[in-house]
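Please go through the structure shown below, with attention to one helix and its surroundings, and to how far the coordinates can be trusted.

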Amino acid sequence: MKDLNEVISELSQSSNKIERRRPRRTSRSITSGGKRSRERTLSPQERLQRFETAVQQQVVSLPADTKHIRMIPLGGLGEVGRNMMALEYGDDIMVIDAGLRFPEEDMPGIDFIIPNTKYLEERVDRIRGIVFTHGHYDHIGALPYVVEKLGYPPLYASPLTRGILLKRQEEFKTSKKVDITDVRDGDSVKLGAFTVNFFHVNHNIPDDLALYIETPMGYIIHTSDFKFDPDPVNDKPADLNYIKELGDKGVLLLMSDSTDAEEEGTSISERTILENLETIFKESDKKIVAATFGSLLNRVQQLIMLAEKYGRKVIVEGYTMTTNLEIAKELGYVRLPKGLLVPAKDISKYKPEEILIICTGAQGERNAALMRIANKEHRFIRLDKGDSIIFSSSVIPGNERSVQMLKDALFRQNVKVYHYKMMDIHAGGHAKRADLRKMIELTRPKFFLPVHGQFSMLVNHSWLAQEMGVPEENIVVAENGQVLNLNKEEFFITKETVPANYVMVDGLGVGDVGQIVLRDRQMMAQDGMFVVITAVDSRSGKVRGNPDIISRGFVYLRESQELLKDVRKMVRRIVEESTSYEAVDWAYVKNNIRDDLGQFLFQKTKRRPMVLPVIIEV
Ligand SMILES: [Zn+2]
Ligand SMILES: [Zn+2]
């Protein structure tokens with residue numbers, strides 16, 4: 001038998017590999033020239049600590065199971081966005097969606113958050129395919145970041161979703177071209193033990209597909225994001241009879257969209273929206289600017305139809321909107337009459353009442369088209385008295401303030417502003433409670449799992465299912481990373497979990513920004529940073545010249561000469577006191593500077609900037 005020391009040493013070696021992939025601290029200092037600081041050997045405690053970290057990062061081994069369908073939500077449960085779910089039976093895994101979400105306010109510099117796919121990465125040879133329900137980024141956005149790690153599995157999507165996926169993949173020049181198989185309403189594909197049948201439902205992007213999955217345990221329905229719209233624009237209503245027929249065959253499990261599970265009633269039909277928008281077109285004798293989401297293609301279609309009817313040319317502004325529109329037009333999902341679209345630079349060739357501008361930026365995003373127009377920063381488009389501005393989207397929680405600023409900027413220019421609170425010019429894409437009830441009534445599932453939404457939405461949806469007669473013990477409210485088991489008799493959360501933490505994307509880096517980097521950024525954002533660069537004679541241990549100080553977001557240096565003088569004196573003292581020994585431990589010296597200086601600055605200013613000591617040996 002090996003002794004404990006051997007075991008620890010092996011484990012710490014293997015964990016070193018993992019350690020190396022972890023983010024470097026931003027407070028890494030430069031040590032150059034002269035003698036180098038010695039590599040410290042790890043103490044047993046440190047080794048044990050590393051071992052624990054390594055264990056935490058290991059995936060639980062879950063043996064193949066043929067008694068249950070194993071279901072693992074990797075994202076989208078307890079949050080809006082980042083939707084991804086794995087279904088596993090025996091040696092076969094199928095995945096539904098691979099989405100991203102946008103960062104929270106306390107995550108400076110983070111672009112996106114994607115699911116942790118470690119569980120799948122370790123089982124790449126079992127992944128039979130990923131099916132995508134629709135083209136929204138919270139369902140497809142993570143693909144470019146994970147497709148390689150998942151070994152380029154077979155991908156399935158409806159034509160529009162596929163178009164958007166391919167376009168996005170193009171923007172990631174680094175990754176290999178992906179193959180995506182076209183699937184449509186009525187198609188089915190076999191993914192190992194699973195046969196997936198796709199069927200049409202309504203949403204606010206065309207070509208949304210719900211899933212009817214045949215499994216060895218029974219039938220599973222996944223609603224995708226959906227709503228029922230009896231009178232959609234440029235789309236057909238969901239086939240309620242078909243869904244009822246599926247219910248007649250016996251549905252083992254229903255997974256249903258919970259995003260609007262806290263909203264009573266049904267969603268407004270797109271037909272009503274169209275009629276209300278038309279009123280604005282009738283009344284307006286100047287330019288109309290309509291702002292909405294770049295992905296809300298159905299709304300864009302409605303606006304185009306109205307422009308044609310009321311003799312206006314259309315200018316489309318905003319990157320996502322332009323690309324999505326191009327893809328949708330090419331595939332025939334949006335009808336855009338020839339000659340209707342004109343470039344923004346030609347705006348002066350037309351009278352104001354001959355122009356409709358469709359743009360992004362209804363959430364008050366800083367660099368989006370509407371903000372630039374409102375701030376008079378747009379190259380070609382200016383607002384004039386009497387123009388009409390339509391906000392055809394709801395305000396995403398968290399954006400209220402920036403939308404308010406945007407509105408103020410617009411009102412300063414004497415324009416008319418219409419938003420969804422004034423009249424029904426926007427309908428969400430998600431089923432409200434009446435439609436959620438209808439879905440349960442049609443499918444009559446034995447078991448129920450609310451998906452897509454914050455925890456409160458999932459719970460509310462689960463209560464609604466109870467009201468509809470699904471027994472409490474047949475309903476599971478789960479969170480990301482939990483492992484669920486399903487068979488003909490039972491549906492429950494097991495004790496096992498898999499990693500499902502946030503993987504953060506910052507520029508080109510995926511997952512290299514961890515909690516430490518994030519904490520540093522939060523600190524810098526709150527109290528700024530304070531860098532002290534000290535040149536030290538490596539033989540005498542004396543400070544050469546005056547320490548250099550760089551500060552950002554902490555104090556204005558020119559007005560703080562007194563403080564800086566004290567800081568320099570202090571640094572000199574700390575360095576010279578701690579280098580009076582034979583072997584200098586530079587890490588120790590830097591720690592002293594960081595601690596003492598941090599305390600000193602707090603005493604003087606009641607602020608805690610991040611202190612970064614840099615020592616250059618000369
Ligand atoms: Zn959606
Ligand atoms: Zn969604």
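Q: On the other side of helix 17 from its buried residues, which residues are exposed?
A: In this predicted model, helix 17 has a buried set made up of Trp586, Val589, Lys590, Ile593, Leu597 and Leu601. These cover an arc of only 90° around the axis, which puts them on the same side of helix 17. The exposed residues on the other side of helix 17 are Gln599 and Gln603.

Q: Against which elements do the buried residues of helix 17 pack?
A: Trp586, Ile593 and Leu601 are among the residues of helix 17 that are buried. The elements against which the buried residues of this helix pack are strand 23 (529-536), helix 16 (561-578) and strand 25 (610-617).

Q: How many Å apart are the end C-alpha atoms of helix 17?
A: Helix 17 runs over residues 586-605, and its 20 residues, at 1.5 Å a residue, should span 28 Å. The model agrees with that expectation, because the end C-alpha atoms are apart by 28 Å.

Q: Which residue just after helix 17 takes a positive phi?
A: Helix 17 covers residues 586-605. Just after this helix, a positive phi of about 60° is taken by lysine 606.

Q: Over which residues does pLDDT stay under 50?
A: The protein chain has a mean pLDDT of 85, and 86% of its residues reach 70 or more. Where pLDDT is low, the predicted coordinates should not be read in detail. The model has 50 contacts beyond four places in sequence for the stretch where pLDDT stays under 50, namely residues 1-40.

Note on methods:
Residues are numbered from 1 along each chain as its sequence is written. Chains are lettered from A and ligands numbered from 1 in the order in which they are written. This is a predicted model: local features need pLDDT of at least 70, side-chain atom pairs count only at pLDDT 80 or more; totals for chains, interfaces and linings use all residues. Helices (H or I, at least four residues) and strands (E, at least two) are DSSP runs, numbered from the N terminus. The expected span of a helix is 1.5 Å times one less than its number of residues. A residue is buried if 20 or more other C-beta atoms lie within 10 Å of its own, exposed if 12 or fewer, and partly exposed in between; C-beta atoms are placed from the backbone. The arc is that of the directions from the helix axis to the C-beta atoms. Two residues are in contact if their C-beta atoms, placed from the backbone, lie within 7 Å. pLDDT is the predictor's confidence in each residue, from 0 to 100.
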